[in-house]
2 protein chains.
Amino acid sequence: MATIYEVAALAGVSPATVSRVFNGNTVSEEKQRLVRDAAQQLGFTPNKTARRLRKQSSEIICLLVPDIENPFFTALARGVEDRAQESGFSVVLCNTDDDPAKELRYLQIAASEQMAGVILSPASDEVDLGAIASLGRPVVAVDRTTPYPVDAVKIDNRAAGVAATTALVDAGFRRIACIAGPAGIEETEDRYLGWKQVVTARKTVVRDGFLQHANFRVDGGRAAMNALLKLAQPPDAVVTTNNLMAIGALQALHENGIDPEGFGVAVLGELPYLLPPPVSVVQVRLPARHLGRTAASMLLERIGGDTQPLRTVVLRAEIARPPLSL
Amino acid sequence: MATIYEVAALAGVSPATVSRVFNGNTVSEEKQRLVRDAAQQLGFTPNKTARRLRKQSSEIICLLVPDIENPFFTALARGVEDRAQESGFSVVLCNTDDDPAKELRYLQIAASEQMAGVILSPASDEVDLGAIASLGRPVVAVDRTTPYPVDAVKIDNRAAGVAATTALVDAGFRRIACIAGPAGIEETEDRYLGWKQVVTARKTVVRDGFLQHANFRVDGGRAAMNALLKLAQPPDAVVTTNNLMAIGALQALHENGIDPEGFGVAVLGELPYLLPPPVSVVQVRLPARHLGRTAASMLLERIGGDTQPLRTVVLRAEIARPPLSL
DNA sequence: AAAGTGCAAGAAATCGATTTCGTCAAGCAC
DNA sequence: GTGCTTGACGAAATCGATTTCTTGCACTTT
C-alpha cells in the first residue's frame with residue numbers, strides 16, 4: 001500500500017499537497033495532475049485508519065439488532081446497508097440477543113472504534129448510551145424507543161394492532177384473543193392496546209386468558225396458542241404481535257388438528273415464504289426495510305452535522321390480505 | 001475519552017508504562033496498581049484507531065455474502081458473528097448482490113480499513129483478491145471456492161445432491177427432474193451432478209428438459225417448475241438446488257393445482273418456517289451456521305499467525321425428512 | 001572492587017493521514 | 001513605489017497508541 005509520502009515524492013510535491021488534492025482544497029491544475037498521475041501509478045488508496053485517527057471519526061455505522069435471524073431485522077439491516085452504501089458508509093452488524101450486557105459491550109466497541117454513529121433496536125429501557133453520547137456520536141433508535149434523547153424511527157404499532165384486529169372482526173370472528181410479546185416492552189404494549197381498543201369498541205367476546213404474553217419467538221407463540229386452545233371457552237381467532245410467534249401459533253393449530261381456514265389468525269409482520277397461503281391469515285406488513293433505510297438516512301444527516309430538533313418518524317404499516325408470498 | 005497520556009499523568013508514570021500494563025509486558029506490581037487505578041478512575045478505554053494505525057491491523061473481519069435476506073446466508077452470518085465475538089472480533093457485513101463490482105469495492109474498503117481478514121462467498125470466479133492478498137490478510141472462501149490460493153469451507157454439494165435424489169427414488173418416484181442454479185457456478189454444478197449420478201445409476205426416466213437452469217431466486221424456481229409442468233411428459237418429482245428456488249417450485253405446483261403430496265420435491269437447503277409441512281418434501285439441511293462458524297475459526301487461526309498449508313474443509317449436509325419447522 | 005547481567009521504565013520514534021501556521025510571490029490600490 | 005490582500009504550498013504539529021532505544025539501578029560473578 002502506497003502512502004501519501006511516496007505519492008508526494010513521486011509527484012515532487014509535499015504530502016500536504018497530496019492530501020489537499022484528495023480533499024478538495026485549493027491546488028493548482030498543474031500539481032493536481034502530477035499528484036493524480038503519481039497516485040494512479042502507485043495504486044494509492046488513502047489509509048482510512050490514519051485519517052480516522054486524525055479526523056476522530058470514520059465512515060462506519062454500527063447496527064445493533066436483537067437477532068439477525070429474524071426476517072424482520074434482516075430486512076431492516078438490508079435497508080440500512082443499502083442506504084449507507086449510497087453514501088460510502090459501511091455497516092457493522094451486531095446481534096445483541098436482547099442481552100443488555102452484550103449490547104453495552106458493542107456500544108463500547110462502537111465508541112472506541114470511532115464509529116460514525118449507531119442505529120439500535122434497544123434490548124431494554126436501560127440502554128447505556130453514555131459512552132456514545134459523550135463522544136457526540138449520533139444515535140437513532142429503530143423499532144423501539146429509549147428514554148435517551150435520540151432520533152427514532154418506529155412503526156405505528158397501535159394502528160397496526162387496530163388494523164389486524166379490525167380485519168378479523170370484519171371477517172366475522174367474534175372471540176378474538178391476542179398473543180402479545182413480553183409485558184413491559186413498548187412495542188408490544190402498543191400493539192396489544194390496538195387489539196384491546198378494537199375488541200372493546202366492537203363489543204366482541206373477551207374472556208380471561210384471551211391475552212397471552214409470550215417471548216418473541218416461535219416456541220413462545222406455540223405455547224401461548226396451546227394455552228388458548230385449552231381454555232374452557234377458546235377463541236375463534238387470534239392476533240399475534242410478531243411474525244415468529246405467529247409461526248408458533250400456526251404450528252400449534254396444526255398440531256391440534258385445527259383447520260386454519262376456520263380459525264382467524266392475524267399477524268403483525270410478514271410470514272416468510274408461507275405457502276400455500278392460508279386464506280384466513282391476515283398479515284399486517286411492517287415496512288422493515290424502509291424502517292432501516294429511514295433510520296440510516298436520519299443518522300447520516302446527523303453525521304453530516306444536521307442539528308435540527310430531535311425527530312421521531314412513525315411509519316404506517318399496511319395490511320396485506322391474502323398474504324403475498326413473493 | 002481519556003487517553004493514555006492522561007492516565008500516565010494521573011498515575012505518575014510514562015505513557016509507555018501504561019501501554020505495557022495493558023499489553024502484558026513487564027511492569028512492577030506497584031506501577032501496575034497505580035496505572036489500573038488511574039485508568040479506572042478516568043474510565044479509560046484504549047483508542048482502537050490509534051492502536052490499529054500502529055499495529056497495522058484491527059479486530060474487525062469482513063463478511064461478504066451475496067444477499068443477507070437469503071436465510072442461508074443469514075444463518076451463515078450468525079455463525080461467523082458468534083465465533084468472532086468469542087475472540088473479541090467484530091464483523092462488518094456487506095451484501096454483494098452477486099455483483100463483481102460491488103464485491104471489488106468492498107474488498108478495497110476491507111484493505112484500506114486494515115480489516116483483519118475476509119470471509120467471502122465469491123460472486124464470480126474473477127474475484128480480485130489482489131488488494132487483500134498484497135497486504136497479507138487472510139481470506140476464507142465460504143460455500144463457493146475461488147481460483148485464488150485461500151482456505152475454503154464448503155458443503156459436500158455432490159453428496160447433498162445424491163442424498164436428495166436418492167430420497168425421492170426411495171420414495172417411489174421415477175421421473176425426477178432437477179432445477180439447478182445458473183450454469184457455470186461450481187456450487188450448482190456439483191449439486192446437479194449428484195442428481196445426475198443417481199438418476200443414471202438408478203435407471204429412472206430422464207427426458208430432455210428434465211434439467212432446468214434458473215437464477216437462484218424464487219421467481220427462477222417458479223419459472224423452471226412451470227416449464228417442467230408444460231413438458232409433454234412431465235416429471236413426477238423434482239430436485240431443487242437451493243431453498244429459494246424450491247419455494248418458487250412449490251408455488252408453481254400450487255398455482256397449477258397440483259397436490260404437493262403426490263409430487264415429490266427435494267430441496268437442498270431448508271425451507272424457512274414452512275407450515276404445515278408438506279410430507280413429501282425432502283429437505284437436505286445445509287449446515288449454514290456451522291459453515292460460518294468454521295470459516296470464522298479458520299480465519300481467526302490465520303490471523304493468529306497459523307501458517308499451515310491451505311485447507312479446504314468440506315461439511316456434510318444431513319437429510320431431514322419430514323422437514324422440521326423449528 | 002571492577003566488570004558483567006538483567007530488568008524496569010522513561011524518551012522518543014513511529015504508524016499515515018489532516019491541518020495549522022508561515023512563507024513567498026503575484027495582484028491590486030493609492 | 002509602498003503597503004495590503006490573496007492564494008498556493010511546504011514545514012511541522014497533531015491524533016493516540018505501540019515499540020525501539022536508552023538509561024539507571026540492583027545484583028552477580030570472579
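How many disulfides does the structure hold over all chains? In this predicted model, the number is zero over all chains, and the cysteines are a convenient place to begin the tour.

Select B:Cys94 and display its side chain together with that of B:Cys62, whose sulfur is the nearest cysteine sulfur and lies 4.2 Å away. Because a disulfide requires two cysteine sulfur atoms within 2.5 Å, B:Cys94 is in no disulfide. With a relative accessible area of 2%, B:Cys94 is buried. Moving to chain A, select A:Cys178, which also counts as buried, at 0% relative accessibility.

Next, select DNA strand D and the 27 residues that surround it, of which the closest are A:Thr17, A:Thr26, B:Ile4, B:Ser19 and B:Arg54. Coloured by residue class, this surface divides into 10 nonpolar, 10 polar and seven charged residues. On the DNA side, sugar or phosphate accounts for 60% of the strand D atoms within 4 Å of the protein, and bases supply the rest.

Now centre the view on individual side chains. An N or O atom in the side chain of A:Arg20 is 2.7 Å from a base nitrogen of strand D, while in chain B the side chain of B:Arg20 places an N or O atom 3.5 Å from a base oxygen of that strand. At B:Arg51, a polar side-chain atom lies 3.0 Å from a phosphate oxygen of strand D.

Finally, show the helices behind these residues: α2 (15–22) and α4 (48–55) of chain A, and α1 (4–11), α2 (15–22) and α4 (48–55) of chain B, are the elements that each give two or more residues to the surface near strand D. The largest share, four residues, comes from α4(B).

How values were computed: Residues are numbered from 1 along each chain as its sequence is written. Chains are lettered from A and ligands numbered from 1 in the order in which they are written. This is a predicted model: local features need pLDDT of at least 70, side-chain atom pairs count only at pLDDT 80 or more; totals for chains, interfaces and linings use all residues. Side-chain values use heavy atoms; hydrogens and water are left out. A residue is near a molecule or strand if one of its heavy atoms lies within 4 Å of it. A polar contact is a pair of N or O atoms within 3.5 Å; within protein, one must be able to donate a hydrogen and the other to accept it, and residues adjacent in sequence count only if both atoms are side-chain atoms. Ala, Val, Leu, Ile, Met, Phe, Trp, Tyr, Cys and Pro count as nonpolar, Asp, Glu, Lys and Arg as charged, and the others, Gly among them, as polar. Buried means under 20% relative accessible area, exposed over 50%, partly exposed in between (1.4 Å probe, protein chains only).
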